[in-house]
Amino acid sequence: MPWQTAELMKQLMADYYAQGAEAKEKGIPVAWVTAVSPVEIIYAAGLFPFYPENFGAVASARKLADKFSIVAEAKGYAHDLCAYSRCGIGDAHSQEHPLGEIVKPDLLLCCNTQCGSLSKWFEVAGRFYHAPYFLLDAPQVGMELDELTTRYYVAQLQELIAFLEDYTGKKFDYDRLREVMGYANEACRLWNEILDTAAMKPAPFGFFDACFHMAPIVTWRGTPQAVDYYRKLKQELEERIKNKVYAIENERYKLYFDHIPLWPKMRWFSDICASHHALVAVSQYTHSWAYSFDLDRPLESLAENYTEEFVNRVFEHRIQRKIKLMQKYDVDGFMLFSNRSCKPNAFGLYDKKNIISKLTGLPGVVFEADMSDLRFFSEAHIMAKLEPFFEQLESA
Amino acid sequence: MLQNREEGAGNLNSLEALEILREAAENPARQATQWQEEHGGKVIGFLLSDVPEELIHAAGFLPYAVNAEEGKLEFADAHLQTWACSFSRNALAVALQDKISFLDGLIIPQTCDTTRMLLGIWKHVRPLPLMENYRLPRQVDRPSAGAYLYGELERIKKRLEEFRGKKIEEGALKNSIALYNHNRQLLRQLYGIQVEAPQVLSSKDLFKIIKAAMVMPREKLNQLLRQLFAVLKEEKECFTRASRHQLVISGTLLEPLELLDFINEKGGVVVADDLKNGFRYLEADVAANGDPLEALVQRQLKRMPAAFYEIREKRRAEYLVKLAREKEAGGVIFLHLKFCEPENYDYYDNMQAMEKAGIPAIRIETAYGGIPLGQLQTRVHAFIEMLGGEDAVR
Ligand code: SF4
Ligand code: SF4
């Protein structure tokens, strides 16, 4: 059943892209930012944040990633780089813009808590668009967040603020920062309450719904619009619960999924799961945006939240985190997507699968593909992996 | 070249030194096991690049680069995807084949997403008593980087001290720094001989010596390098500097070393490089006075650019153009280790910069684990011919 909020989503995303164009006209600087970076600072400094990863995801969902990639490859960028960056770089070098031209940056802010692909891509873009580039470096965090890392990150936030003051010629407004962080808190809280409904049996909401409704928590986080959106979504969800409208028919199993969906094949993939009455209930991916900021210690709190992001944690911690999510949602099995685009998430999955199965007794599967690029998609390979997995699940 | 030189300078010492170094590059594990037998000490492995070996050495351990062994890459397949770079697959394969089971520890520098993930896997499949990531800063332009790196080095130092059960004295660290500085200086001198007279020291032998330098007890190494240098220097005088095709090699890692033979064969010589198993290993000394940890910090912050991160004041593409000009290079070979992301992201801009500067450049893709050498040779030869062939050398 289609979501009523889908209309609002369409509107919101159209507004987002319109804002980008408008910012250019009004002379509001456009800052490229990464999905997991303290965008709160960018809003507080009065800039417009643009998320090129979102551009990559949309291009992928519309099956355009291969097209962009071929342009990038012709320039010498290999097809083994992250596909989001290939979309962005491909668009930069293209004459045609089937998605509308990417909003060009006036400056670039990258936080490498997610990966090193983003920082390299942003360097490339900085050179291409002749825009200043600022890296917020997040050292990998072990089992516990260490003081050295937080101190370093806070020092960099201060450097970022000085850099932005210099760039805009305006004093940085900490009150505004607290206001933005407050909105972000509220949106994150609502978003996670929404995600939690996937634990209900049967559930009105699952991972594929989350992928659809995720864009505002990424792109509008820190604004009242995001809060409003998730309030409405939550209301709609409550209606659905009352009316017994569920995510899939006859839910029998719940699954954990790692982590980005196969954007161009999402429908196909979700149908396969649904046909086995399995609801993909949870993924670390959609749970990335679970920030809880302390407004009394804004910079420290930004540092803690952004460096503790799951991708930035060590192997053992990431296993624990997956298991915790599996337990919280009481899943019956797990699927790990070895995503060619995303080395920091894919490397280690083979061993993680064995370890998690051993620790939890749950059946698991690892399959190979690319989140964007259909040239690395093999239905036969995926089915050969999934079929025995579902058999195992059903015979358990 | 050296093989046919017996009756030339005829200094047995230098030939022996070279033989020992070659042998160390080809059979690196022996260096470690022998040292263990003689000293009963611990061997700490590390991956390239930029690991502060001086700290490991000052703790009384033997720093050992996991770089020269050849593994069967398939051994890593159950743990690391085949689309990981062959350097990391090789390193893990070598461990899984138990070719480096003498290691007591391992330090992996986080230069990319692959190295960020590798230690966790390694810990699981081949646990060692000491396993640490070296979380080097991925920006060096702002003051925060230095303060952070100081803390990170302190952390690693403390970890080594715990492992050793004793503090690392400042004096010991200063001695290690001096030893390594001397070591790098000698290696740079040998590099210089290779540039001026590859008939005396071939490019391949030079890079083999660098490989050996990463695994040998450094005291012994310095002795050998000194002997070798003394003789080669004299021998070099017998040759007038021939005109050659002067080339710069840029990339992550040089592999396979046969590439250097293909260059020498056609009258080419490597005048500069920025490879992790090449000049980057010899390039940066550490200040001998003051706080040694701070000196290590400063060395790291001021290193030559690499693909790990962009340096605002020293952009890699511009740096490479300048380097090629300074060294009067006729061409640049970009060696791209397949699946090495950081390197690949830089390639287009590097290439553009060369084109703008009018410096001929080529990209060659390589990998660990055996690649068809015939093809490689053809490409290298064709590039050198394009630069003017054997006869028209500058
Ligand atoms: S998909 Fe992975 S590699 Fe690509 S930008 Fe996201 S975290 Fe980085
Ligand atoms: S060769 Fe490249 S991808 Fe491989 S470990 Fe080194 S920097 Fe990373």
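The exercises below, each with a worked solution, concern a predicted model with chains A and B.

Residues are numbered from 1 along each chain as its sequence is written, and chains are lettered from A, with ligands numbered from 1, in the order in which they are written. Local features need pLDDT of at least 70, side-chain atom pairs count only at pLDDT 80 or more, and totals for chains, interfaces and linings use all residues; side-chain values use heavy atoms, with hydrogens and water left out.

**Exercise 1. Overall form of chain A**

Determine how the radius of gyration of chain A relates to that of a compact globule with 396 residues.

Solution.
- Step 1. Chain A contains 17 helices and 8 strands. These elements are DSSP runs, numbered from the N terminus: helices are H or I with at least four residues, strands are E with at least two.
- Step 2. The radius of gyration is taken over C-alpha atoms, and the globule rule is 2.2 Å times the number of residues to the power 0.38.
- Step 3. For 396 residues a compact globule would have a value near 21 Å, and chain A has 21 Å, which agrees.
- Step 4. The C-alpha trace of chain A spans about 65 × 50 × 45 Å along its principal axes.

**Exercise 2. Burial, contacts and charge in chain A**

State what share of the residues in chain A is buried, and describe its contacts, surface and charges.

Solution.
- Step 1. Buried means under 20% relative accessible area, exposed over 50%, and partly exposed in between (1.4 Å probe, protein chains only). By this criterion, 63% of the 396 residues in chain A are buried.
- Step 2. A contact requires heavy atoms within 4.5 Å. Of the contacts in chain A between residues at least 6 apart in sequence, 78% join residues at least 24 apart.
- Step 3. Accessible areas come from the Shrake-Rupley method with a 1.4 Å probe; for residues, only the protein chains shown count as cover. Chain A exposes about 14,600 Å², of which carbon and sulfur atoms supply 51%.
- Step 4. Lys and Arg count as positive, Asp and Glu as negative, while His and the chain ends are not counted. Each charge is placed at NZ of Lys, CZ of Arg, CG of Asp or CD of Glu. Chain A has 43 positive and 53 negative side chains, and the centres of the two sets lie 2 Å apart.

**Exercise 3. Strand E8 of chain A**

Explain why strand E8 (residues 364–369) of chain A is described as largely enclosed, and identify a strand that pairs with E8(A).

Solution.
- Step 1. In E8(A), 5 of the 6 residues are buried, so the strand is largely enclosed by the rest of the structure.
- Step 2. Two strands pair if DSSP finds at least two bridges between them. Strand E7 (residues 333–339) of chain A and E8(A) pair in the parallel sense over 6 bridges.
- Step 3. A:Leu336 has A:Val366 as its bridge partner in E8(A).

**Exercise 4. Chain B and its helix H8**

Characterise chain B as a whole, then give the burial of helix H8 (residues 203–213) of chain B.

Solution.
- Step 1. Chain B has 15 helices and 8 strands. Its radius of gyration is 20 Å, close to the 21 Å that the globule rule gives for 394 residues, so chain B is as compact as a globular protein of that length.
- Step 2. Buried residues account for 65% of the 394 residues in chain B.
- Step 3. Chain B has 51 positive and 56 negative side chains, with the centres of the two sets 4 Å apart.
- Step 4. In H8(B), 11 of the 11 residues are buried, so this helix is largely enclosed by the rest of the structure. Among them are B:Lys204, B:Asp205, B:Lys208 and B:Lys211.

**Exercise 5. Strand E1 of chain B and the loop to H3**

Describe the surroundings of B:Gly45 and the backbone geometry at B:Ser49 and B:Asp50.

Solution.
- Step 1. B:Gly45 lies in strand E1 (residues 43–46) of chain B and, at 0% relative accessibility, counts as buried.
- Step 2. Leaving aside residues up to four places away in sequence, B:Gly45 touches B:Tyr64, B:Leu103, B:Gly105, B:Leu106 and B:Ile107.
- Step 3. Most residues other than glycine have a negative phi, and most peptide bonds are trans.
- Step 4. B:Leu48 and B:Ser49 are joined by a cis peptide bond, with omega about 0 degrees. B:Ser49 lies in the loop between E1 and helix H3 (53–58) of chain B.
- Step 5. B:Asp50 is found in the loop between E1 and H3 of chain B, and its phi is near 80 degrees, a positive value in a residue other than glycine. At 7% relative accessibility, B:Asp50 counts as buried.
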